[in-house]
Structure formats: structure tokens, C-alpha cells
Amino acid sequence: MTDSYISDRAKELKPSGIRKFFDLVANTSGVISLGIGEPDYVTPWKICGSAINSIQQGYTMYTSNAGMPELRQAVCDDLNRRFGLQYKSENCMITVGASEALDMAARAILNPTDEVIVPEPCYVAYPAVVELAGAKVVSVPTYEKNNFELHAEDIESKITSKTKAILFGYPCNPTGAIMSRERLLEIAELAKKHDLIVMADEIYERLTYGTEHVCFASLPGMQERTILLGGFSKAYAMTGWRIGYALAPKDILDAMLKIHQHVIMCASTASQCAALTALKECQDASKAMIDDYNRRRQLIVGGLRRIGFSVFEPKGAFYCFPNITSTGLSSEEFAEQLLKQEKVAVIPGTAFGDSGEGYVRCCYATAIDDIREALTRIQRFVESLKK
Ligand SMILES: Cc1ncc(COP(=O)(O)O)c(C=O)c1O
């Protein structure tokens, strides 16, 4: 088969650095995985039960393209109440995970000559959705010494007449960083000054530890220039249900909806019923999981620091991002050798962009005993490097 059938865009798209690493993990037995970014919990039973019930009651057809009206309203009510926003259900669509929401947002607003500012290290899909929409990614590195926060002055130096949008996600995958209100206000000023749209992926907004999340759209004047993306995968342990959402000014949302109507139709009906139950009845279950992630966070950060790594304290999501430069290995070498020698899977920081060099991502949504064992193995690995 000749590759002349493959589109240039598909050819140019880089394969996910995470997937590449998982192929290695799949061929090794007895691995403790701090690799994959998903909760180790099963979805709370009440959520599962509501989906089963919806099927038994015959809710097996398409919903409206934008999603069940009750769910769209519930998403708006929840965000409006917690962040002082003014969304109506016409501003909200239900998507197949935040993943689809990201893709729809990029395709709805980007033209081929547009540039999008994307901080690095970042979630692997950000550059991909921008490039698939034909636009150009302009990376802005973030640094451990700045708590991996995005600084307005670093963005401003990259703005050109072609810059259309900024795409960021806080709490951040892979660093665990959150953004302070002050820093976000500076970015809001910049967005106004240069007339930019902000795509804010806030899928981890409920997973913060001791510091409240600031919703970008809640900043003065920002609801009208933000596409707010979120979902149920992380806070309710619902990765397999594939439910997310996007909120945006009505004209942008309508453009996203037009694409979604053609390529998706609607998100799964049973999953939408489950998401409604999650939002309305399962905050306690979600909170209990988040409290548990916090205990695991303290265990892994403390453990890695005792081994001798410099570890930025993650304030959100469920990742920590230790600096491994003291080992003399590159991120890829560290991850590959650790996997081969001690059967612990972590993701090289470079999977999240070039500025992830010198770091690895460890997901701590993993059983406490596995985290303890992984720390013992990592310590043994680091000591073996000294010999
Ligand atoms: C930052 C970020 N955004 C979006 C997603 C996609 O989430 P979903 O399962 O809702 O598609 C992920 C999943 O890992 C993520 O880490």
C-alpha cells in the first residue's frame, strides 16, 4: 500500500508520545503504571445505575444534537453557581469527552493562516487539534522556577497579526500547575488588547488541593471571548463514558454545533443520563475520590523528594512532574530504563513538548500500595545509576 493515499495533515501529525510508550508497557509483565492519566476508581455505582435505568426505560435513541436539555441546563447551573457565570443552555453543548469539545472548538474558529498560542509542556491533544484545523501552533514554554504558570509577557512576545487564540489547560496535565487569579487577569488583559479568543480546558477544575480554581470565563469581560471546555472523565471517574461539554458565546457555539451535528450527531444517551446523575447527586462521591488523590499526592511528592529529585508541588489534577536532570539521563532514557530495569511506567516529559525535557510525568491516581512500591523501585533505580 502506498502512503500516497494518506492526507498531508494525517502524515504530518505526530503520534502521541504517550501511546508510543504504552506499546512498550504492553509488552512487559508486572509493571506498576504511573503512566496513564485516568482515575483507578470504578465509576460510583449510583452513576452506573442511572445509565442502566435509562436503558431499561427505553432511552436508547439519539438525544438532540446539542445534548439533553436537562443536562445542558444542569452544566450551566453548576458553573454559574460556583463561578458567578451567566451561561444559558444555548451556550452549552454536550460532547464526546472534552476531547471532542477541543476539536470542535479548534475547527469552529481556526483558519489555515491563524496562529494559536499554546503553553508547554501541555496535554498532547492541544497541538494536534490546532494542526488538524490547519492552523499553526506557537509554543510558549513554562518553567519550574515560575511554578509552571503561564506569564502574559511570554505570550505577548509571541503575538503576531495572525494570532487568533490562546489554548491552555489549568490545572495542568502534565505539570499539576494551577494559575493564580493575578496571572489569569494579566492574560485576560492581553486577550482584550489583541482581540484573542481563549480556549480554556478546565477538565481538572474540581481536582485542586488547597487552592480554589479560578475559571477563566469568570474574569471581567472574559465570558464573551472564552470557549470553556470540561468534562466528567476525571472528577467522577468516568473516562470510558465519553462525556464532556463546551460553553461559548452563542455564535461560536452554533458554529461548533454545526460541525458536531455532521460528525458526531450526539453524545451517547445513556452516558448523558449518567452525567446528569453525577452532577446532581454524586458530589460527595467525587469529593471522597479527590480527598484520596490528595493523600496520594502527598505520598508521591514526599517520596520523590526523599529520593533526591526536585519536585514542583502540584496543586491540581493528578500528576506530578519531577525534575530528573540530576540522574544525567534524558526524559526518554529515564522512562525507558526505569521500565526495563524496575518495571515502573512513567511518561517522558518530552511527550508533552520539547520543554518537557528533563522531567517525567507520574500519575498518582494509582493505589497507595502501588505508589509505595513504585517509590521503592525508583529509589533502587536511582541508586543503580550511581554505581
Ligand atoms: C487536559 C486534558 N484535557 C482533555 C482530556 C480529555 O478528556 P476526555 O476524557 O473528557 O476526552 C484529558 C485527558 O487526559 C486531559 O488530560
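How much area is buried between domain 1 and domain 2, and what share of it do carbon and sulfur atoms give? About 3000 Å², with carbon and sulfur atoms giving 61%; buried area here is the accessible area (1.4 Å probe) that two parts lose on being put together, summed over both.

Some ground rules. This is a predicted model, so local features need pLDDT of at least 70 and side-chain atom pairs count only at pLDDT 80 or more, while totals for chains, interfaces and linings use all residues. Residues are numbered from 1 along each chain as its sequence is written, and side-chain values use heavy atoms, without hydrogens and water.

The domains are 3-43 + 284-382 for domain 1 and 45-280 for domain 2, with bounds from an automatic or database domain assignment. Their C-alpha centres lie 24 Å apart.

Now the interface. In contact, meaning heavy atoms within 4.5 Å, are 36 residues of domain 1 and 38 residues of domain 2. Thr43, Phe312 and Lys315 supply 24% of the area that domain 1 buries against domain 2, more than any other three residues. The rule finds 0 salt bridges across this interface, taking a side-chain nitrogen of Lys or Arg within 4 Å of a carboxyl oxygen of Asp or Glu.

On to the core, that is, buried (under 20% relative accessible area, 1.4 Å probe, protein chains only) Ala, Val, Leu, Ile, Met, Phe, Trp, Tyr and Cys residues joined through side-chain atoms within 4.5 Å. The largest nonpolar core has 112 residues, and Phe318 is one of the six that touch the most other members. Each domain contributes at least three residues to this core.

Methods. Buried < 20%, exposed > 50% of the residue type's maximum accessible area, 1.4 Å probe, protein only.
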